[in-house]
Amino acid sequence: MTKRLSTFLLAVLLTAIGASAQPITAGPHTRVETAYGTIEGYQDGSIFTFKGIPYAQAERFMPPQPPAKVEGIRQCKVYGPQAPQGESLRWNARNSQTDYGFGNQFVTEPMDERECLVLNVWTPGLGSKKLRPVFVWIHGGGYAGGSGHDLPCYEGRALAEAGDIVVVNLNHRLNILGYADLTGLGGKYAQSVNLGMQDIVKALEWVRDNIARFGGNPDEVTIGGQSGGGGKVSTLLAMPSAKGLFKRAIVQSGSTLRQALPEQTRPYGIALAQELGQPATAEADFSKYTYDELNYAVQRLAQRGMRSAFSPVVDGVILPQHPFEPAPPTANDVPMLIGTDFNEFTFDISHDMTWAEAEEVVRKRQGDKAEQYIAAFKKAYPQAEPKEMTYVDTGFRAGAVRQAAAKAAQGGAPAYLYLFTWKPESNALGASHGMELPFMLHNVSLQREMTGASPAAYRFEKLISNIWLSFIKTGNPNVKGLPKWEPYNEETGVTMILDNKCYPLQHHDRELMQMSRSLW
């Protein structure tokens, strides 16, 4: 470990301890003998915390392998490194489009390609014979950025304590390191595809093999993710290697129906090797290049018109089919909770409009489809303000409806569909992308600038976190204080509106979503 990294980790630990409302203790009572050796975390009130636990190791562009055995006692008290990523791709980067005040402004983990395959565990049950449900949270940031500690509300302590569950989140390889498809080179690169997804499967295998030692039940695992994390959850549901590693799944603003195809991605891997002066065969050697040099090669290819999104690929083996066109057999017996936010990527809904002004905006956007769109919106939301017609999300919502319909068509485990419409009173964010995160993770207090931390916000936090906890524990989101929530089916099309007053609607925006399918 470098002196710079050691200093950073010490500073982070001292900050965490200094900010704690309760004494933090460590020692033999906070040690766990995992399958890979002994680790030591710390106790914060009733919750035992372990951070930066290695769940795998991997050479560049190679599938992940089990982690090395720990000699002695490994200290797991601070977050481990995150996967390398460009500053502009990190949620805590400051820019005009996404700077809405809830990036992690206090702690930024170092980036380390070889040490980023780590996970974090919060548990109330260390040493207990009782095994609790487990919630594995997968971060957003597309397939390019982010980490398990990217947002303050990702901290798992509060949800573990409120729900008496074990919470896990993790880091995995991203962008070119996690999603380049090199299978066209053959040989040792035959499995060099979907590496970030293979990492997540390895993390779930670690949970299966070790979580009982932390008081978690490996047979009661729920995976969940928002945005890119929701896309990863959608993809995991179609991966045979992930089958049986989780029992339930939650997709928040990330419903993914299709992924890339090999005919699109394999030529790019070959071109990347050639751009770096390597043979377009298994003899290529990418190990000597820095991460920046790999990215410069990507930029040069882009300048010549060859672009790659670096995302999961339907390679026929690791991912045999598109995630939800149709729903995969591997998802048949997995209950799902699926939903979106009313505004998604509108982060300023402060501008009031008359109906005439709002309709003019829609006409400029929709062209000859404008009148149909206006009529469909007014039918879906008859009580809406005019400005809401220009701010409503249709893309994420359309994907969620289609995913829920595909799941329901299987006739297996249910899918419950929601639309999060709660808006903070203290700012103009609206029900924007990620607004539900502090509520479902029981961390409104850690995202006060985002939620407003009003009495209404704390009341709403209790309801929303209880909904998520109920689903994590039972596969059913129905809780006290919520109207009866029926699973989605094509006949009734039930969506639960999540707001200060929650209520179900049936196919209320079907015409708007049918329009949106063609628009998106």
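# Exercises on a predicted model

Of the 520 residues of the protein, 59% count as buried, where buried means under 20% relative accessible area, exposed over 50%, and partly exposed in between (1.4 Å probe, protein chains only). This is a predicted model, in which local features need pLDDT of at least 70, side-chain atom pairs count only at pLDDT 80 or more, and totals for chains, interfaces and linings use all residues. Residues are numbered from 1 along each chain as its sequence is written, and side-chain values use heavy atoms, with hydrogens and water left out.

## Exercise 1. The overall fold

Task: State how many helices and strands the protein has, and decide how its radius of gyration stands to the globule rule.

Solution. Step 1: the protein contains 15 helices and 15 strands; helices (H or I, at least four residues) and strands (E, at least two) are DSSP runs, numbered from the N terminus. Step 2: the radius of gyration is 23 Å, close to the 24 Å that the globule rule gives for 520 residues, so the protein is as compact as a globular protein of that length. The radius is taken over C-alpha atoms, and the rule is 2.2 Å times the number of residues to the power 0.38. Step 3: the C-alpha trace spans about 65 × 55 × 45 Å along the principal axes. Step 4: among contacts with a separation of 6 or more, 75% come from residues 24 or more positions apart; contact means heavy atoms within 4.5 Å.

## Exercise 2. Helices α8 and α9

Task: Determine how the axes of α8 and α9 cross and which residues meet.

Solution. Step 1: the axes of helix α8 (residues 355-366) and helix α9 (residues 370-380) come within 8 Å and cross at roughly 130°. That makes α8 oblique to α9. Axes are lines fitted to C-alpha atoms, for helices over the stretch in contact, and angles run from 0 to 180 degrees between N-to-C directions. Angles under 35 degrees count as roughly parallel, over 145 as roughly antiparallel, 65 to 115 as roughly perpendicular and the rest as oblique.

Step 2: from α8, Trp 355, Glu 359, Val 362, Arg 363 and Gln 366 meet Ala 370, Glu 371, Tyr 373, Ile 374, Phe 377 and Lys 378 of α9. These residues comprise 6 nonpolar, 1 polar and 4 charged. Here Ala, Val, Leu, Ile, Met, Phe, Trp, Tyr, Cys and Pro count as nonpolar, Asp, Glu, Lys and Arg as charged, and the others, Gly among them, as polar.

Step 3: Glu 359, placed in helix α8, is buried, with a relative accessible area of 15%. Beyond its neighbours within four places in sequence, Glu 359 is in contact with Ile 374, Lys 378 and Met 389.

## Exercise 3. Helix α5 and its cover

Task: Establish how many residues of α5 are buried, what covers them, and how α4 and α5 are oriented to each other.

Solution. Step 1: in helix α5 (residues 228-236), 9 of the 9 residues are buried, so the helix is largely enclosed by the rest of the structure. Among them are Gly 228, Lys 232 and Leu 236.

Step 2: the cover of these buried residues includes β8 (132-138), α3 (175-179), α4 (195-210), β10 (216-226), β11 (248-252) and α11 (395-409).

Step 3: the axes of α4 and α5 come within 11 Å and cross at roughly 75°; the two helices are therefore roughly perpendicular to each other. In this contact, Met 197, Ile 200, Val 201 and Leu 204 of α4 meet Lys 232, Thr 235 and Leu 236 of α5. The contact residues divide into 5 nonpolar, 1 polar and 1 charged.

## Exercise 4. The loop between α7 and β12

Task: Find whether Ala 309 is buried or exposed, state the phi of Phe 310, and identify the bond that joins Glu 325 and Pro 326.

Solution. Step 1: Ala 309 is in the loop between α7 (291-303) and β12 (336-341). With 70% relative accessibility, Ala 309 counts as exposed.

Step 2: Phe 310 lies in that loop between α7 and β12 and, at 9% relative accessibility, counts as buried. Its phi is near 50°, a positive value in a residue other than glycine.

Step 3: a cis peptide bond, with omega about -5°, joins Glu 325 and Pro 326; Pro 326 is also found in the loop between α7 and β12. As background, most residues other than glycine have a negative phi, and most peptide bonds are trans.
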